[in-house]
Amino acid sequence: MRVIDMRGETDWDGWRAQARALVLAGVPPETLVWTVNPAAAPPPPPQAEGRFAVSRALVALAAQAIQARAPERFGLLYRLVWRAHAGEAVMEDPGHPDLAQARSLALAVRAEAHRMRALLRYLPAADGARLLGWYAPAQFVLEANAQVLARWYPDFAVSILTPEGSAHWEPAAARVRFGPAVDPALVPDDAALRAYWSEFGADLLAASTAGTSLPEAETFEEARRPPDRPALGPVVLGGYGAPDPALAAAAREAAACRRCPLSAPATQTVFGEGPPGARVMFIGEQAGDQEDVIGRPFVGPAGQLLDRALEEAGIDRRAVWISNAVKHFKFVARGRRRLHQTPVGPEIEACRFWLDVERVRLRPDVLVLLGATAARTVLGRPVTIGRERGRPIRLPAGETALVTVHPSFLLRVPDEAGRAREYAAFVADLRLVAGLAAAGAA
Ligand code: SF4
């Protein structure tokens, strides 16, 4: 038996190099034992000449399944590649146990990645210079998902600490670096996490190195595939530009608002944002956990989903106003987590003052009411989303309102098919918004 040592649990580059060389050298799967041994020098790949191609679908499957917490995954994926090289249509044989197992591992990885993105929350380090997140992933999803930091927080230094490694986004260098693990016993709660960072953060950063991450889909030498559909160009619904001075002044005032009790436990007010003259205004329920820390609306998981849907609907986020009915995060603390709580009538009424400031100043053509709280706040009556979504409603002030779901609802749909269906319906609603705005909602 030949032992192949991987440098780490997600040593995608190492596995790919070995698999390619071993296949070309004709080394059968049953003669190999794959292990993870960071201390061992990786065996030199066998020297073999030649080329081979596997389908993009197989490479994408392998790139996900290799993140599973399953020791057999390296050998399993090598068997699939071995058979593909022999000419078998492995991806078209769903009944084969190897393919079924690889798909099941990939599914578990995708689910955990989704869970990590949804549950990971950040708090500012004591010096305010960095956001810290703690998470214990059920699969090895840290490396692949750390890349989303760059998209979520382009301007913030962010670190995610886990029991198996840490990832650090450095905006100045525009790169993610990977570093050592953290003992969970040392960070049982937020205060301990902050204290740990104060003491050891510099060491963690010093020990981290620029890392490669797992790609969404990487190539051996991929089979050809049709060119991608060209990206939809965004429809510009209004102008960009410097912030409206009156709204900027309102935002400063709202930062000191004490109209209701929600300001006390929250980190900060999250006022709406967008360009002056925005013709479309999106209204959600309230600031969320990450919005509360960052200070901007719709930047957490629901915001990321909204961004994706806006792009698909052809709406440029930079050209619309995005806000919430309630500007502070209402939550109940449960250990390290802060659980969302729905704002009640008096809180919504108190905060209506700021929503009205935004509406009066902007006078948008279209109000997009994301979820029942926003719809009830603006329409002044209980709203059943399923009955009223996608139907333009003329408001007394002349705006046109359109009710749809809140994007956080899409994150809670339990099954993949249902999620895809609801997401498509959400994008369809946003396309209606784009149409209404383009027509001036006349
Ligand atoms: S939730 Fe609204 S009304 Fe209440 S304190 Fe915050 S900004 Fe003021």
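Begin by selecting Glu-388 and Arg-391, whose side chains meet in a salt bridge with an N to O distance of 3.3 Å. The model is a predicted one. Colour the pair by accessibility: Glu-388 counts as buried because its relative accessibility is 9%, under the 20% limit, whereas Arg-391 is partly exposed, with a relative accessible area of 43%.

Next, select Lys-330 and Glu-347, which form another salt bridge, the closest N and O atoms being 3.1 Å apart. This pair links distant parts of the chain, 17 residues apart: Lys-330 is in the loop between strand S10 (321–326) and strand S11 (331–334), and Glu-347 is in helix H11. Lys-330 counts as buried at 13% relative accessibility, and Glu-347 counts as buried at 9%.

Keep helix H11 (residues 345–362) displayed and turn to the ligand: this helix gives the most to the surrounding shell, with three residues. Select the residues around the ligand, namely Cys-257, Arg-259, Cys-260, Ser-263, Val-326, Lys-327, His-328, Ala-350, Cys-351 and Trp-354. Coloured by class, the shell shows six nonpolar, two polar and two charged residues. If cavities are drawn, the space taken by the ligand is the largest cavity.

Now move to Glu-164 and Arg-69. Their salt bridge brings the closest N and O atoms to 2.6 Å. Glu-164 lies in the loop between strand S5 (158–162) and strand S6 (165–170), and Arg-69 in the loop between helix H2 (56–65) and helix H3 (73–85), so the pair ties together parts that are 95 residues apart in sequence. Glu-164 counts as partly exposed at 43% relative accessibility; Arg-69 is also partly exposed, with a relative accessible area of 36%.

For a group rather than a pair, select Glu-273, Arg-296, Asp-307 and Arg-317, which are linked in a network of salt bridges. Side chains of opposite charge can pair when their charged atoms come close. Over the model, the count comes to 25 salt bridges.

The last stop is Arg-177, in strand S7 (residues 175–179). Arg-177 counts as buried, at 16% relative accessibility. Which partners does the side chain of Arg-177 reach? Display the backbone of Leu-205 to see the Arg-177 side chain reach its oxygen at 3.2 Å. Then add the side chain of Ser-208, with which the side chain of Arg-177 makes a polar contact at 3.5 Å.

Technical notes
Residues numbered from 1 in each chain as written. Predicted model: local features only at pLDDT ≥ 70, side-chain atom pairs only at ≥ 80, totals over all residues. Heavy atoms only, no water. Helix = DSSP H or I, 4+ residues; strand = E, 2+ residues; numbered from the N terminus. Buried < 20%, exposed > 50% of the residue type's maximum accessible area, 1.4 Å probe, protein only. Polar contact = N/O pair within 3.5 Å; in protein donor to acceptor, adjacent residues only side chain to side chain. Near = heavy atom within 4 Å. 1 Å grid on protein atoms, 1.4 Å probe; cavity = no way out; pocket = protein on both sides within 12 Å on 5 of 7 lines; lining within 4 Å. Sits in = over half its atoms within 2 Å of the grid points. Nonpolar A, V, L, I, M, F, W, Y, C, P; charged D, E, K, R; others polar. Salt bridge = Lys/Arg side-chain N within 4 Å of Asp/Glu carboxyl O.
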